[in-house]
Amino acid sequence: MKLGRSNFQKAPDTVYKPNFDPAMLRPGIVHLGCGNFHRAHQVTATQAAIGAMGADGLQWGIVSATMRRPELALELVEQDNLYTLLTREPNGTVASIMAAISEAVFARDTHSTLAARIADPRTKIVTLTVTASGYYLTADGSIDPEAADLLADLKAKSPRTAPGILVQAMSLVRAKGGTPPVILCCDNVANNGRTLRQAVMDFAAWRGNDELSTWIGENVQFPDTMVDRIVPAPLSDDKDDARRLLGGLEDSIPISAEPWFQWVIQRFDGPRPLWEAHPGARFVSDVDTFERAKLQMLNGAHMLLAYAGGLAGLNTIAEAASDPALGPVVERFMRREQTADVDLPEDTLDRYAADLMTRFRNPGIVHEVERIGRNGSVKMAMRVIRPMRANLERGEPTPGAILLIASWIRWFALHEQEALEISLTDPRADHLRQICADARDDHMAQAEAFLAMEEVFGPPLPDHERQVTAVAKALGDLTRLEASEVLRKLAATG
């Protein structure tokens, strides 16, 4: 029997269930990017808010749109938009039935309707998790004028990108004289609200509507946010665990997540769910410090675990973080390099770093390095190069950043030689593989060509040639020696 509204209450008492009738929800939020993270994060906080608000909470149902593939939306519809969240504790799993999605749609089938949904007066908030690449940004955070999808949207009657959909929706709101919804970017992008605001304004101007661009800048709120929860890709075991914990009910789309949950939101005007009913959600006047700590310490460390771990034959983040050589290297990188310009007390940074390593080592979370390693060219600037630049300007060493960059380049070099079992996903993959092919045995040439890409790394680093030489040396080490031996030597240096 498949999970649905008619039977979810039959699940055992050990399963957390919504304390409201999902059939009574009314849409108040439109979400772009209905993926695993959204279903484990924003939906979780919104469900807590609805439950805490009683009848008033029923106005905050989520219309959640998948952006690229229709399958998830169809599966949600088949289960009345219900699914199971499996919280993977180190010593066991807790099941919760999630019910805050009131409607699931596929953006590319319903993009014109989707813009109209956003412009509907009932929609008070738009949230987004389209990944960093979904905003088509360059290393300096500006919108990429050469992105093919954006160029296609410039002339499209029904745009498919998040900036295009938002511009179309804001045009409808303005034409009706309505109040625009608050737009909350929930992706790992530096200054994500301000960055998305500028991207949407720029796209409106590109389409030849400077007046709309100005109106968006003056009338639409784009608060900054910081989101934090590790949500691995679904595994076949998830369905088996969901069936067992639900007392035999079948769920085709369960998801797993770690226990940790954090959502820091810049205060904004207007109606909203009582998200702070969830203990991990909070509203603050300035998100910058929380965001910087998370992007650099968590996401930057994740990248090092993925790239170096993948070279060492470690398949998951838990394996990489638990490795006796790579674990200490990453912990040192996180604490000594990635805290640059994070304005928090030393003891707070110590606790956060220790908590992160504990989270990374959670054996219940199967987070593949291949997945974390995706789209490195989009992530590199804010997560790695920003703190690296700050450290170099102060005369501080950056061995972890050098190792990370070299390990990332080595992925492309091995992939170009068909010697890497890990699949490689990156919007610049073809160009980066070609660099490695053109300079196959010349590590200095590879390092020079990669670090010269200002769209990825930004302007030249301080003492740039020295950094190029250091990356080239690390590339040579990773080529001549087994990655595990390189990591053991680095761990031994202290």
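The following exercises, with worked solutions, concern the fold and the sheets of a predicted model.

**Exercise 1.** Determine how the radius of gyration of the protein chain stands against that of a compact globule with 494 residues.

*Solution.*
Step 1. For 494 residues, the globule rule gives a radius of gyration near 23 Å.
Step 2. The protein chain has 23 Å, so the value agrees with that of a compact globule.
Step 3. Along the principal axes, the C-alpha atoms occupy a box of roughly 65 × 55 × 45 Å.
Step 4. Burial is then considered: with buried taken as under 20% relative accessible area, 58% of the 494 residues fall in that class.
Step 5. Among contacts with a separation of 6 or more, 77% come from residues 24 or more positions apart.
Step 6. The exposed area of the protein chain is about 20,100 Å², of which carbon and sulfur atoms supply 48%.

**Exercise 2.** Describe the open sheet that contains E4, E3 and E9, and identify its edges.

*Solution.*
Step 1. The secondary structure of the chain comprises 21 helices and 11 strands; 3 of the strands form this open sheet, in the order E4-E3-E9 and with mixed pairing.
Step 2. Strand E4 (92-98) and strand E9 (255-257) each have a single partner strand, so one side of each lacks a neighbour in the sheet and both stand at the edges.
Step 3. From one strand to the next, the twist averages 30°.
Step 4. The mixed pairing is resolved strand by strand. E3 and E4 run antiparallel and are joined by 7 bridges, with Tyr83 opposite Met98 in E4. A hairpin of 2 residues connects E3 to E4.
Step 5. Strand E3 (residues 83-89) and E9 run parallel, joined by 3 bridges; here Thr87 stands opposite Ala257 in E9.
Step 6. Helix H9 (residues 236-245) lies across E3, E4 and E9, and runs at about 100° to E3.

**Exercise 3.** For the open sheet of 5 strands, establish the strand order, the pairing sense and the edge strands.

*Solution.*
Step 1. The order is E5-E2-E1-E6-E7, and the pairing is parallel.
Step 2. Strand E5 (101-106) and strand E7 (182-185) are the edge strands: each has a single partner strand, and therefore one side of each is left without a neighbour in the sheet.
Step 3. The twist averages 20° from one strand to the next.
Step 4. As a detail of the pairing, strand E2 (residues 61-66) pairs with E5 in the parallel sense over 5 bridges. Within that pair, Glu103 in E5 is the bridge partner of Val63.

Notes: Residues numbered from 1 in each chain as written. Predicted model: local features only at pLDDT ≥ 70, side-chain atom pairs only at ≥ 80, totals over all residues. Heavy atoms only, no water. Pairing = 2+ DSSP bridges. Helix = DSSP H or I, 4+ residues; strand = E, 2+ residues; numbered from the N terminus. Axes fitted to C-alpha atoms, helices over the stretch in contact; angles between N-to-C directions. Contact = heavy atoms within 4.5 Å. Rg over C-alpha atoms; globule rule 2.2 N^0.38 Å. Buried < 20%, exposed > 50% of the residue type's maximum accessible area, 1.4 Å probe, protein only. Areas by Shrake-Rupley, 256 points an atom, 1.4 Å probe, with all protein chains shown as cover.
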